[in-house]
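Q: Got a minute to go through this one with me? I'd like quick answers, charges and sheet included.

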Amino acid sequence: MFERCLYFNVNALARKINRIWEEAYRDLGLSPSHAYTLRVILASPGISHKQLATALQLEKSTISRFVDSLQKKGLVQRMRIGGNDRREMSLLPTVAAEQLHDELEETGERLYQQMLGS
């Protein structure tokens with residue numbers, strides 16, 4: 001009935017992919033969104049909230065929530081950037097985050113290969 005409905009099929013595919021990604025990152029205690037946020041911070045220590053939002057194509061308010069969660073888990077720390085704007089913060093991975101780096105990258109690569117059917 002819906003085989004020609006792009007809206008239905010794209011959403012069904014997104015739900016299926018979300019389940020696969022959620023399962024893959026569950027062992028690390030992270031959601032896929034948190035895992036990718038952390039991967040960007042690990043790749044670009046000192047990145048700003050604004051730069052992170054641009055990299056992930058998300059709103060700054062969403063990024064703030066993700067960073068708050070990662071900070072509570074002890075994976076990210078905020079450092080004030082010089083200048084007068086107290087809102088300007090850079091994001092740095094903690095030692096605990098750095099210890100997850102290889103596993104995050106391996107999980108991302110495994111998921112990519114799985115989607116390619118390799």
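Q: In which helix is Glu106 found?
A: Glu106 is found in helix α5. One caveat up front: this is a predicted model.

Q: Is Glu106 buried or exposed?
A: Exposed. Glu106 has a relative accessible area of 52%, and the cut-off for exposed is over 50%.

Q: Which residues form the negative surface patch?
A: Glu23, Asp27, Asp102, Glu103 and Glu106 form that patch.

Q: Which helix gives the largest share of the negative patch?
A: Helix α5, residues 95-116, with three residues. Glu103 is found in α5, and so is Glu106.

Q: What does Glu103 count as in terms of accessibility?
A: Partly exposed. Its relative accessibility is 41%.

Q: How many Å separate the C-alpha atoms of Glu106 and Ser48?
A: They are separated by 25 Å. Along the chain, Glu106 and Ser48 are 58 residues apart.

Q: Salt bridges next. How many come out of the count?
A: Two salt bridges. One of them joins Arg39 and Glu105, with the closest N and O atoms 3.0 Å apart.

Q: Which parts does the Arg39 and Glu105 pair tie together?
A: Arg39 lies in helix α2, residues 32-43, and Glu105 lies in helix α5, so the pair ties together parts that are 66 residues apart in sequence.

Q: Is Arg39 buried or exposed?
A: Buried. Arg39 has a relative accessible area of 17%. Its partner Glu105 is partly exposed, at 30%.

Q: Which side chains meet in a salt bridge at 2.8 Å, N to O?
A: Those of Asp68 and Arg78. This pair links distant parts of the chain, with Asp68 in helix α4 and Arg78 in strand β2, 10 residues apart.

Q: And what does Asp68 count as for accessibility?
A: Asp68 counts as partly exposed, at 34% relative accessibility.

Q: Over to the sheet. In what order do the strands come?
A: Three strands form an open sheet, in the order β1-β3-β2. The pairing is antiparallel.

Q: Which strands stand at the edges?
A: β1 and β2. Each has a single partner strand, so one side of each is left without a neighbour in the sheet.

Q: How many bridges join β1 to β3?
A: Two, with β1 covering residues 47-48. Within that pairing, Ile47 has Leu91 of β3 as its bridge partner.

Q: How many bridges join β2 to β3?
A: Five. β2 is residues 76-80, and the two strands run antiparallel. Arg80 stands opposite Met89 in β3.

Q: What holds paired strands together in general?
A: Strands of a sheet pair through backbone hydrogen bonds, either parallel or antiparallel.

Q: How many residues of β3 are buried?
A: Four of its five. Strand β3, residues 89-93, is mostly covered.

Q: Now the backbone. Which residue has a positive phi although it is not a glycine?
A: Gln57. Its phi is about 55 degrees.

Q: Where is the place of Gln57?
A: In the loop between α3 (49-56) and α4 (60-72). Helix α4 came up before, as Asp68 is in it.

Q: Is Gln57 buried or exposed?
A: Exposed. Gln57 has a relative accessibility of 72%.

Notes: Residues numbered from 1 in each chain as written. Predicted model: local features only at pLDDT ≥ 70, side-chain atom pairs only at ≥ 80, totals over all residues. Heavy atoms only, no water. Patch = residues over 30% accessible without salt bridge, like charges linked within 9 Å, V, L, I, M, F, W, Y side chains within 5 Å. Areas by Shrake-Rupley, 256 points an atom, 1.4 Å probe, with all protein chains shown as cover. Salt bridge = Lys/Arg side-chain N within 4 Å of Asp/Glu carboxyl O. Lys, Arg positive; Asp, Glu negative; His and termini not counted. Charge placed at Lys NZ, Arg CZ, Asp CG, Glu CD. Buried < 20%, exposed > 50% of the residue type's maximum accessible area, 1.4 Å probe, protein only. Pairing = 2+ DSSP bridges.
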